[in-house]
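This report describes the fold of one chain in general terms and then follows a sheet in another. The sequence and structure are shown here for reference.

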Amino acid sequence: MLTFIARRCLVMVPTLFAISVVAFLIIQLPPGDYLTTMVTRLEAEGQQVDEAMLAGLRDRYGLGRPVHEQYLAWMSGIVHGDFGQSFEYGTSVSSLIADRLPLSIVLTVSTLLATWLIAFPIGLYSAVRQYSPGDYLATTIGFLGLAVPNFLIALGLMYVMHTVFGYSVGGLFSPEYRDAPWSLAKVGDLAAHLWIPIVVLGTAGTAGLIRILRANVLDEVRKPYVVAARARGVPERRLVFKYPLRVALNPFISTVGWVLPALLSGEVIVASVLNLPTTGPLLLGALRSQDMYLAGSIILIVSVLTVVGTLLSDVLLARLDPRVRLGHR
Amino acid sequence: MDANLSRRQLLRAGGALALVAAVPACSSSGSGAGGPTPASATNGPEAPSLKALVDAGQLPPVADRLPANPLVVEPVDRIGPYGGTWRNGMVGAQPFRLDYSVAYENLVRWNRDWTEIIPNVAESFEASADVTQFTFVLREGLKWSDGQPFTADDIVFAYDDLVNNPDVMPEGLGMFRSGDAMATLEKVDDRTVRFTFAAPYALFLDAIANQPHNVLTRLPKHYLQQYHLALNPDADAAAQANDFSGWAEALQHAIGGEALWADVNLPRLHAWVPTTPISEASQMTFERNPFYWKVDPEGSQLPYLDGIEFGIVQDEQVLLLNTVQGEIDMIERVVTTTANKPVLAADRETGGYDFFDLIPDKINTCTILLNQNCKDEVKRAVFQNRDFRIGLSHAINRQEIIDAVFARQGEPWQPAALPDSPVYDEEFGRQYTEYDVDLARQHLDAAGLSETDGDGRRLGPDGSPIGIRILAPSDQKPELTDAMQLIKTHWAEVGVELSIQSEASEHRYEILDANDQEAHVWDGDGGLNPVTTPQYFMPSGGADNAFGVLWDRWYVSDGTDPAGLEPPVHVVEQRELYDQLRVEPDADRRVELMRQVLAISREQFHLIGVSTPLTGYGVVKNTFHNMLGETYFAANFPYPGVANPEQFFIQG
């Protein structure tokens with residue numbers, strides 16, 4: 001197992017290097033740079049831009065230099081733990097991400113937990129009681145949740161809350177708590193706001209999980225080992241939990257690693273619509289305004305987390321499923 | 001001008017009337033039991049929150065905080081009570097919104113009518129007769145927001161140590177350059193500084209007043225010297241401790257103005273100081289500056305409002321929703337688009353807000369700029385033919401465009417100065433706007449394009465059909481593309497083929513930068529104040545105003561730039577007139593020179609327009625007072641800062 005992990009870690013090095021190059025190239029691809037974005041904004045206000053000022057900025061940001069030099073400067077900073085400056089916010093990239101990361105983690109983890117808590121029992125139920133009224137109900141709702149885009153649910157929810165209840169949805173805190181220090185009341189306020197993004201983000205995920213679990217369990221319960229176990233008198237409930245369910249869990253374990261990148265870039269559109277102070281909208285804004293180091297760093301971190309997450313998943317899978325472990329040998 | 005009173009003059013007269021009317025209203029305020037009573041009599045010299053701090057010994061008394069000669073600000077409507085928070089909002093980080101709203105505290109500023117430059121941070125100012133020397137006297141006892149004195153040394157530091165220091169700003173700043181050299185600065189005494197230019201610079205004061213935040217009054221020496229290597233040997237370490245790569249970058253960050261909103265500790269002269277940086281995810285808040293140096297006519301220290309709250313949302317529609325719900329007290333940009341107006345108008349009652357008018361400094365709704373220096377030489381020759389441009393202008397059915405695209409507002413108009421402008425010229429605006437297809441055909445024939453092919457398309461000198469590819473923005477000002485779609489059919493009628501190339505801003509500016517466009521469309525600035533905004537009336541450098549950039553290159557390099565193109569006599573004449581204007585000390589004479597520049601523009605008719613620009617609007621809550629009912633929306637008139645936000649108040 002240890003050699004397996006070590007080998008995987010070694011392979012990660014060239015992968016990460018390739019990712020960093022691609023991430024940097026991606027943000028260089030669109031025409032123009034941050035300064036053109038800035039000029040565009042100023043010109044839209046009718047402002048004439050001071051050419052000397054612009055030349056100074058180009059120099060300071062190193063935008064006039066060849067791409068490989070810019071890349072090297074960026075990478076050497078990252079090796080020292082410095083992701084560079086965000087042009088737009090005028091502060092370091094790390095502090096911008098650090099500000100938004102805790103709430104992103106809270107949101108992603110609580111959404112994931114809610115999704116699992118709802119999806120597992122329902123998925124199992126609709127597999128074991130296939131074609132029962134409950135199964136049909138769960139399936140119908142599940143398909144609806146899968147088919148309707150999340151941001152549309154968010155918009156619909158906002159509209160209904162505004163017109164029917166006169167209540168404005170959006171953000172994670174009421175105005176009076178936004179800048180308040182952490183307290184029990186603030187946590188309560190967060191909880192009162194958090195359910196909306198959880199519902200919006202959770203619907204599609206829940207629906208998808210239900211379908212996958214149902215299909216997996218259905219596949220398993222028809223296999224001869226289940227019949228054999230049942231023939232030996234293993235109680236039905238214990239039977240389902242002990243064998244088919246455990247096998248059916250494999251797809252979840254192999255995707256659990258994807259939670260890591262989702263912490264940072266999950267649900268950009270929904271977070272924008274619902275006005276959540278998380279990292280997703282930060283990435284979107286940075287890409288739009290060609291805020292090079294901010295966008296590049298987020299993409300790079302997300303990529304690294306994806307690679308690490310995949311490794312974690314593989315390790316977990318190998319731990320949980322002897323077939324994977326033994327097959328590997 | 002004599003027969004019809006200009007709108008500006010009217011405004012000025014109206015302002016004077018309002019002032020007169022305000023005086024009795026203030027003096028009788030105490031007894032008003034009916035409506036909302038101005039709390040003037042009970043205001044006292046300072047805000048209650050500051051009074052508490054003084055009583056607790058945490059703040060010096062108000063008399064010590066104010067300068068000896070504080071600036072007295074006349075309220076727009078009436079004197080207000082202390083308190084309240086101005087709720088505003090931005091989409092993502094929009095530092096320019098803060099610049100315009102909070103930071104307009106330069107040495108000198110425009111008055112609210114945009115007719116005169118008046119003292120602000122400077123108590124008085126003086127220009128020498130030949131406009132090469134400018135002297136500014138600062139207010140005695142003026143203090144930064146941290147209580148440290150603001151003296152001539154701060155200006156010397158800002159200019160000599162930062163702006164004019166090649167180690168920090170390799171190219172200096174264009175606004176301090178005249179006669180191809182940077183100005184020199186002299187400290188006369190602790191309160192007096194003098195700029196001296198190598199060549200006369202008549203528009204220096206305008207250049208300061210035009211900026212949303214000028215560098216001279218926002219770079220505190222006592223705070224920024226920690227980053228200056230000549231003043232602090234450990235400057236690099238200090239800069240690196242704050243996430244900068246080195247000392248020069250930290251200072252550039254401050255000079256560029258980014259530091260204003262990123263560094264809450266930076267002392268400033270503004271009415272409100274930020275308590276959170278702009279990098280905050282959900283909102284940016286401001287609180288009152290206890291050392292603010294302006295008072296109302298009764299001597300109460302401004303601002304009236306306790307603070308500002310800029311909500312940071314991630315989507316424009318969210319901000320629109322907030323505005324409709326009445327959660328925004330006053331907003332001047334972003335949501336106030338033509339497309340949003342019906343939405344906002346519908347909820348005025350329930351949201352408890354109303355509109356104010358913005359007169360834009362635009363020359364037109366839709367200005368077509370045929371590239372006079374087009375890279376295709378056949379087309380260049382055609383575009384340079386005045387008859388060709390006149391023919392195209394007569395071929396446009398302007399009323400149809402006004403009805404279909406501009407909600408029936410405005411009238412046919414060429415890109416020219418507007419009636420509110422001192423250089424208004426009705427003939428310029430109205431020439432060739434008549435819709436007359438026959439006349440258009442005559443002019444196009446006269447331009448030597450009488451031959452047509454089987455499809456009725458006019459043939460150019462090289463025997464191929466004349467087609468114009470026009471560059472239009474795809475990500476902003478959608479009405480331009482709508483108008484061009486109609487003009488496409490109008491021009492097809494007279495045998496000129498138009499194709500529209502829609503590009504997002506970044507790529508659009510690359511094309512314009514490289515002079516690769518045949519023609520492009522924009523609205524254009526300078527309708528009210530061409531004297532300081534001349535770039536659409538004569539070929540000059542720039543992007544959106546580009547129609548003869550190679551001529552400009554030739555002119556500014558004295559013909560030495562190989563990429564330049566020798567301009568015709570009339571262009572040289574225009575540029576020389578404007579060069580005279582730049583050094584002309586007398587304002588009336590400047591206007592006269594601008595008239596001469598414009599007379600050439602009228603004669604040459606380079607740009608084709610559609611109609612007079614539409615009036616813009618802003619949204620203000622009914623409980624939010626002292627905002628101007630009508631003001632200007634212009635690059636050189638930093639709105640809403642010019643409306644004196646420090647005298648805004650909330651009541652009712």
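Among contacts in chain A between residues at least 6 apart in sequence, 71% join residues at least 24 apart, where two residues are in contact if their C-beta atoms, placed from the backbone, lie within 7 Å. This is a predicted model, in which local features need pLDDT of at least 70 and side-chain atom pairs count only at pLDDT 80 or more, while totals for chains, interfaces and linings use all residues. Residues are numbered from 1 along each chain as its sequence is written, and chains are lettered from A and ligands numbered from 1 in the order in which they are written.

The secondary structure of chain A comes to 18 helices and zero strands; helices (H or I, at least four residues) and strands (E, at least two) are DSSP runs, numbered from the N terminus. Along the principal axes, the C-alpha atoms of chain A fill a box of roughly 85 × 60 × 40 Å. Of its 329 residues, 35% count as buried, a residue being buried if 20 or more other C-beta atoms lie within 10 Å of its own, exposed if 12 or fewer, and partly exposed in between, with C-beta atoms placed from the backbone.

In chain B, an open sheet of four strands has the order β5-β6-β10-β9, with antiparallel pairing. Its edge strands are β5 (122-127) and β9, each of which pairs on one side only, and the twist averages 20° from one strand to the next. Two strands pair if DSSP finds at least two bridges between them. The pairings are set out below.

| Strand pair | Sense | Bridges | Opposed residues |
|---|---|---|---|
| β5(B) and β6(B) | antiparallel | five | B:Glu126 and B:Thr135 |
| β6(B) and β10(B) | antiparallel | five | B:Gln133 and B:Thr196 |
| β9(B) and β10(B) | antiparallel | five | B:Leu185 and B:Phe195 |

A hairpin joins β9(B) to β10(B) through two residues. Along strand β10 (residues 192-196) of chain B the side chains alternate, so that B:Val193 and B:Phe195 point to one face and are buried, while B:Thr192, B:Arg194 and B:Thr196 point to the other face and are not buried. Helix α6 (residues 152-163) of chain B lies across β6, β9 and β10 of that chain and runs at about 170° to β9(B); for such values, axes are lines fitted to C-alpha atoms, for helices over the stretch in contact, and angles run from 0 to 180 degrees between N-to-C directions.
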